[in-house]
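Q: Could you take me through the reading of a helical model, feature by feature, giving the general idea before the case at hand?

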Amino acid sequence: MSGLPSAPGRHEPAFPNTTHVARREYLELVRSRLFHVSTVTLAVLAILVALLPIVARLAERGTVTQVAIVSSDADLSERTIGTLDLLLNQNGTSRSGGYKLTALTNETDAIAGIDARRYDAYLVAARSPDGHLSFQFHLGETAGDAVVQQLSIGVFGVAVLDFSDRNSASGFRLPQLDVLRQSGEGGGAAPYSASNSASRLVVGLVFGILIFITIVIYGMWVAAGVVAEKSSRVMELLVSAASPRQLVIGKALGIGLAGGTQYLLVLAPAIATLLLEDRIASAVLGAGAGIALSLEALSPTLLIAFFVFYTLGFALYALVYAAAGSLVSRPEDLQIIALPLSLIAIVGYLQAILALTGGITGFIRFASYVPFWSPFVMLTRLSVGRVEPIELLISIALLLATIVVTGIVAIRIYSAGVLLYGQRPGLRAYVAAARHG
């Protein structure tokens, strides 16, 4: 351990030793085979997630989209169904997929059908007194960009044929189009942007998976490093050269910087894939089958939030893993502490996935403030645009406060635990170390 200077005096700043510990941890980690393998694995995973919209479009081929046509004008309803069927089902629904169009006169029935998932969308067709046509698309949760694009082309054809048959002297006018996303049972609807709804989901999913996997992996690396140093008796040399506080902070900082390096290596190919999404879709699905770029949702605010929540989330979990690892003497005992800590993170990650899909319940909103869950939940809430600035500030403030409190307790546990050998961790050991460390 020549890389560490001798123990500093009582009043010497902690920074030099912390820097030495951080540098040692960083270099050992980035040079390891585990780091190289995990970087390649995460990069491949990020690329696969970035390609999910294209995979979904491939999977949708051959499926039938159920659309209800709602109109109080029987002639307009019949004309709309006939024209859409001609334009959208020209290849036949039985082999290549298509649209099944159902006429309804009551919008309430259409809303109930959306809630019950009998329909993927419903289209309200109306004619003004001057003969001008207007259409409202109400999309269910299963309807995406392709449905909006194809129905938009279809209703334009409806308007053209209607104008031709009526031979209106006022001239042709483009039909009015409004797109609404059905939000919850009872028919509430909100404006929908087909160009960025899927992109927000993809970006949020990429970030959510990365922040979850890496926080758990890096936290385990912190714990594993402490256990390895204890099992080889290196810890006895370390604590004579640096204080427990310097060791904990230095270890967390070094591994955190290694994680940041890995993030850059993983995100670079993922972002390149997102930039090429449209071209890849055209090559795989055919010309004209491009999709909206997922990077449309990648705002500077989201990138900053990702950096902040990754940094704070890792700091919190690293402190806990370091303290827990200090109470374990053998590598095989590490699983005893790994499981409960991983379960806490998994609960937060699952709630983040629910937030991504639009299920912002009261409990999920509450979870975005809970420090051990907020790095996952709040980040994914941000990616779908459901966060007020005050909510973000509260979440970060609570996370910072928890890191400070956890750091004090973790350093106490670490101070007492690093020199305990041959003891299996238990609740009493944790409590005693926190009180008397």
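The dialogue below takes up one helix, then its packing, then the salt bridges.

Q: What kind of model is this, and how are its residues numbered?
A: This is a predicted model, in which local features need pLDDT of at least 70 and side-chain atom pairs count only at pLDDT 80 or more, while totals for chains, interfaces and linings use all residues. Residues are numbered from 1 along each chain as its sequence is written, and side-chain values use heavy atoms, with hydrogens and water left out.

Q: How far apart should the ends of helix H2 be?
A: Helices here are DSSP runs (H or I, at least four residues), numbered from the N terminus, and the expected span is 1.5 Å times one less than the number of residues. For the 18 residues of H2, residues 33-50, this gives 26 Å, and the end C-alpha atoms are indeed 26 Å apart, so the two agree.

Q: Which residues of H2 are buried?
A: Burial is judged by relative accessible area: buried means under 20%, exposed over 50%, and partly exposed in between, with a 1.4 Å probe and protein chains only. In H2 the buried residues are Phe-35, Ser-38, Thr-39, Leu-42, Ala-43, Ala-46, Val-49 and Ala-50. Viewed down the axis of H2, these buried residues fall within an arc of 140° (taken from the directions from the helix axis to the C-beta atoms), so they line one face of the helix. Arg-33, Val-40 and Leu-48, on the other side of H2, are exposed.

Q: How do H2 and helix H10 cross?
A: Two packed helices are described by the angle between their axes and the distance between the axes. Axes are lines fitted to C-alpha atoms, for helices over the stretch in contact, and angles run from 0 to 180 degrees between N-to-C directions. The axes of H2 and H10 (residues 244-275) come within 8 Å and cross at roughly 30°, which makes H2 roughly parallel to H10; angles under 35 degrees count as roughly parallel, over 145 as roughly antiparallel, 65 to 115 as roughly perpendicular and the rest as oblique. The crossing of H2 and H10 is right-handed, a crossing being right-handed if the near helix is turned clockwise from the far one by less than a right angle, and left-handed if anticlockwise.

Q: At what angle do helices H12 and H13 pack?
A: H12 (residues 300-326) and H13 (residues 334-356) pack at about 165°, with their axes 10 Å apart, and this makes H12 roughly antiparallel to H13. H12 also passes H13 in a right-handed crossing.

Q: How many salt bridges does a search of the whole structure find?
A: Side chains of opposite charge can pair when their charged atoms come close. The criterion for a salt bridge is a side-chain nitrogen of Lys or Arg within 4 Å of a carboxyl oxygen of Asp or Glu, and the search finds six.

Q: Which parts does the salt bridge between Arg-365 and Glu-391 tie together?
A: The side chains of Arg-365 and Glu-391 meet at 3.3 Å, N to O. Arg-365 lies in helix H14 (residues 362-367) and Glu-391 in helix H16 (residues 389-417), so the pair ties together parts that are 26 residues apart in sequence. Glu-391 also forms a salt bridge with Arg-381, the closest N and O atoms being 3.1 Å apart. Both Arg-381 and Glu-391 are buried, whereas Arg-365 is partly exposed at 34% relative accessibility.

Note on methods:
Helices (H or I, at least four residues) and strands (E, at least two) are DSSP runs, numbered from the N terminus.
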